[in-house]
Number of protein chains: 2
Amino acid sequence: MNKKSATIYDISNKLNVSVATVSRALNDHPRISEATKELVRKTAKEMNYKQNNLAKALKSGETKNVGIIVPYINTNFFSSVIRGIEEELSPLGYHVIICQSHEDVNIEKRQLNTLLNAQVDGIFMSVSKTTTDISHIQSIIDTSNTPVIFFDRKKDISGISTVTIDDYRGGYMATEHLIKEGYKNICHFAGDLNLEIYQNRLNGYKQALADHHLPVKEDNVIFTGSSIEEGTEAIKKLWSKKSVPDAIFSSSDFAALGACQELKKRNIKIPQEVAIIGFSNEPFTQFMELPISSVDQTPVLMGKMSGQVFLESVKENGSGVSIEKKVVLTPQLYIRKSSKRK
Amino acid sequence: MNKKSATIYDISNKLNVSVATVSRALNDHPRISEATKELVRKTAKEMNYKQNNLAKALKSGETKNVGIIVPYINTNFFSSVIRGIEEELSPLGYHVIICQSHEDVNIEKRQLNTLLNAQVDGIFMSVSKTTTDISHIQSIIDTSNTPVIFFDRKKDISGISTVTIDDYRGGYMATEHLIKEGYKNICHFAGDLNLEIYQNRLNGYKQALADHHLPVKEDNVIFTGSSIEEGTEAIKKLWSKKSVPDAIFSSSDFAALGACQELKKRNIKIPQEVAIIGFSNEPFTQFMELPISSVDQTPVLMGKMSGQVFLESVKENGSGVSIEKKVVLTPQLYIRKSSKRK
DNA sequence: TTGTAAGCGTTATCAT
DNA sequence: ATGATAACGCTTACAA
């Protein structure tokens with residue numbers, strides 16, 4: 001059995017018509033008689049003909065593939081964004097290629113090149129924590145027509161569209177919620193300020209305090225990563241001081257979880273003595289015996305919007321113009337037991 | 001600025017050498033002088049030459065893309081398997097294309113065709129719950145050389161390699177653990193028996209009971225899906241009967257969680273009155289205030305092994321032979337508070 | 001060591 | 001309505 005699939009030449013030979021006719025018939029070209037169309041389609045099916053997309057792509061320049069670069073794929077947030085992109089683009093015949101940067105700017109750089117090399121029609125990315133120099137991304141804009149779309153973790157590069165949530169507002173909402181519940185000495189677990197998202201959450205936190213005439217103490221801002229351990233460490237550090245906070249707004253759900261665990265160990269009651277609210281609305285936050293309040297980033301929607309922005313820029317590319325889009329989604333506050341005193 | 005990227009013809013023109021020489025120089029062909037190689041490489045860089053992989057793929061028949069079909073991407077298990085595959089294959093220049101079947105055999109069928117159409121070098125898949133008829137998969141084997149690898153949720157098709165965990169053993173281990181902790185009336189939340197994995201877990205459960213001379217009661221097997229709600233429903237059903245179980249082995253962590261919540265509502269103490277153990281070792285199981293025991297499926301390893309099996313079959317394809325591989329991984333028991341009475 | 005030219009499977013531009 | 005042929009960008013057997 002020969003597993004090499006049939007080409008339009010094979011059909012052309014069998015039917016004694018030219019390849020051009022076969023190609024046109026298969027593409028439902030208007031100036032081909034219905035009779036030959038029918039005949040070609042029939043024999044194509046008989047011969048188990050499969051169109052070679054590679055050849056088509058080589059001609060058209062479109063691969064119908066898009067690339068996505070994320071730090072890691074197996075977190076709820078990123079896999080949900082990917083799901084959104086896939087669901088938006090798949091019905092239009094696009095395929096989604098996934099790459100992980102492992103939070104390493106050098107890998108990110110390599111993945112970017114390899115995607116470009118794979119001739120993708122567009123690239124979606126969330127930059128790594130170690131991405132400070134952005135020349136590798138800038139150069140894509142300068143040297144290729146491949147549209148790049150940042151989602152969530154963006155950098156300011158002219159010509160690149162972005163889809164983000166309003167992290168400032170998320171920080172503001174979370175903090176204001178704590179204030180309204182009567183907490184007065186609210187501290188913040190801040191993330192890596194190299195990323196705008198963490199800067200914005202921090203700024204939202206500060207502004208909410210200021211707007212409600214509460215002092216903004218630099219001592220109340222603890223820099224932590226996104227791990228459980230760093231959450232417990234932060235509590236140890238805070239509780240070694242003279243004055244302890246009565247609420248925590250953490251920019252990471254995992255750090256919030258670590259804080260919960262450490263507070264429990266110290267027999268400190270949540271939310272009576274200390275309130276906690278996290279960020280990302282990771283699935284586990286709602287499953288806990290003491291469910292943790294959190295700010296949802298609507299990741300699937302973020303993916304879908306990113307897909308739409310890409311489609312628009314593909315359309316524009318044809319018409320010569322290219323407009324930079326900035327989509328900002330509204331975060332959703334999920335208030336649970338960990339921050340409800342009233 | 002012209003963003004159309006340079007080809008080997010452009011280099012060939014500029015240097016007054018043939019395209020063949022350029023191609024060979026770029027591919028480090030042994031019979032090209034070091035001088036010209038150097039020259040070609042230099043000007044290639046200057047002209048910002050990027051190899052067109054499409055053209056290369058059209059010639060070679062290899063796209064260096066592989067496809068993955070999973071029910072959903074945004075669960076810990078599947079995204080972790082994907083991560084494993086990506087990490088194994090990415091260093092060899094492969095790209096990973098993701099598709100979701102949404103547990104629908106018709107979508108699965110379409111995705112399969114579209115991947116084949118995209119000329120992927122291999123396909124990894126975990127079949128959907130609704131996949132009973134497998135002719136669409138069988139036909140790939142018959143009509144193409146594209147290797148297919150099943151992971152986790154497999155079907156018995158000759159010629160297809162599989163990477164799974166020993167679900168039978170997983171079920172046996174979990175049940176035996178409960179028995180050794182002194183539980184005697186153990187029930188099982190079984191999944192959709194259309195999938196082998198759930199059949200095997202059920203069989204492992206039954207055998208463990210039999211081996212320890214405990215009665216296997218059909219009443220103690222409740223069929224549930226993988227949701228929290230179905231877990232709570234199962235408890236309601238069980239506790240409406242005259243005799244209630246003192247332990248639950250759930251084939252799903254989510255159903256186990258639902259059970260925990262419902263038992264707690266009824267003031268039934270875990271693990272004193274009832275023990276619970278789940279399956280999959282979802283992240284949330286360890287974060288809970290009452291951590292749930294579970295059986296880990298080593299998903300990242302499963303992905304890596306799948307990648308290796310694929311690489312082997314690519315190698316074999318060249319040599320004409322094709323050996324069907326069956327990799328079976330050992331599940332890991334994670335014993336936590338929810339099932340420790342002693 | 002380097003050049004010529006065919007071929008991978010399509011689509012599109014001319015003709016007819 | 002259909003055919004001949006060039007082109008997409010690359011690799012490679014055959015020549016020189």
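Around DNA strand C stand 26 residues, of which A:S23, A:Y49, B:T21, B:R24 and B:K59 are the closest, a residue being near a molecule or strand if one of its heavy atoms lies within 4 Å of it. The model is predicted, so that local features need pLDDT of at least 70 and side-chain atom pairs count only at pLDDT 80 or more, while totals for chains, interfaces and linings use all residues. Residues are numbered from 1 along each chain as its sequence is written, chains are lettered from A and ligands numbered from 1 in the order in which they are written, and side-chain values use heavy atoms, with hydrogens and water left out.

Of the atoms of strand C that lie within 4 Å of the protein, 59% belong to sugar or phosphate and the rest to bases. Both kinds of atom take part in polar contacts, that is, pairs of N or O atoms within 3.5 Å (within protein, one must be able to donate a hydrogen and the other to accept it, and residues adjacent in sequence count only if both atoms are side-chain atoms). On the base side, an N or O atom in the side chain of A:R24 is 3.2 Å from a base oxygen of DNA strand C, and a polar side-chain atom of B:K59 lies 3.0 Å from a base nitrogen of that strand. On the phosphate side, a backbone N or O atom of A:N52 lies 3.2 Å from a phosphate oxygen of DNA strand C. The elements that give two or more residues to this surface are α1 (8–15), α2 (19–26) and α4 (53–60) of chain A, together with α2 (19–26) and α4 (53–60) of chain B; here helices (H or I, at least four residues) are DSSP runs, numbered from the N terminus. By class, the surface near strand C divides into 9 nonpolar, 10 polar and 7 charged residues, where Ala, Val, Leu, Ile, Met, Phe, Trp, Tyr, Cys and Pro count as nonpolar, Asp, Glu, Lys and Arg as charged, and the others, Gly among them, as polar.

A:N52 also has a part within the protein, where this residue caps the N-terminal end of α4(A), with a side-chain oxygen 2.8 Å from the backbone nitrogen of A:L54. Just after α4(A), A:G61 takes a positive phi of about 85 degrees.

DNA strand D likewise has 26 residues around it, and A:T21, A:R24, B:S23, B:R24 and B:Y49 come nearest. Sugar and phosphate account for 59% of the atoms of strand D that come within 4 Å of the protein. Phosphate oxygens of DNA strand D lie 2.4 Å from a polar side-chain atom of A:T21, 3.3 Å from an N or O atom in the side chain of B:N27, and 3.3 Å from a backbone N or O atom of B:N52. Two or more residues of the surface near strand D come from each of α2 and α4 of chain A and α1 (8–15), α2 and α4 of chain B.

Turning to helix packing, α10 (residues 228–238) and α11 (residues 253–265) of chain B have axes that come within 6 Å and cross at roughly 50 degrees, axes being lines fitted to C-alpha atoms, for helices over the stretch in contact, with angles running from 0 to 180 degrees between N-to-C directions. That angle makes α10(B) oblique to α11(B), since angles under 35 degrees count as roughly parallel, over 145 as roughly antiparallel, 65 to 115 as roughly perpendicular and the rest as oblique. In the contact (heavy atoms within 4.5 Å), residues of α10(B) including B:I228 and B:I235 meet residues of α11(B) including B:F254 and B:L257.
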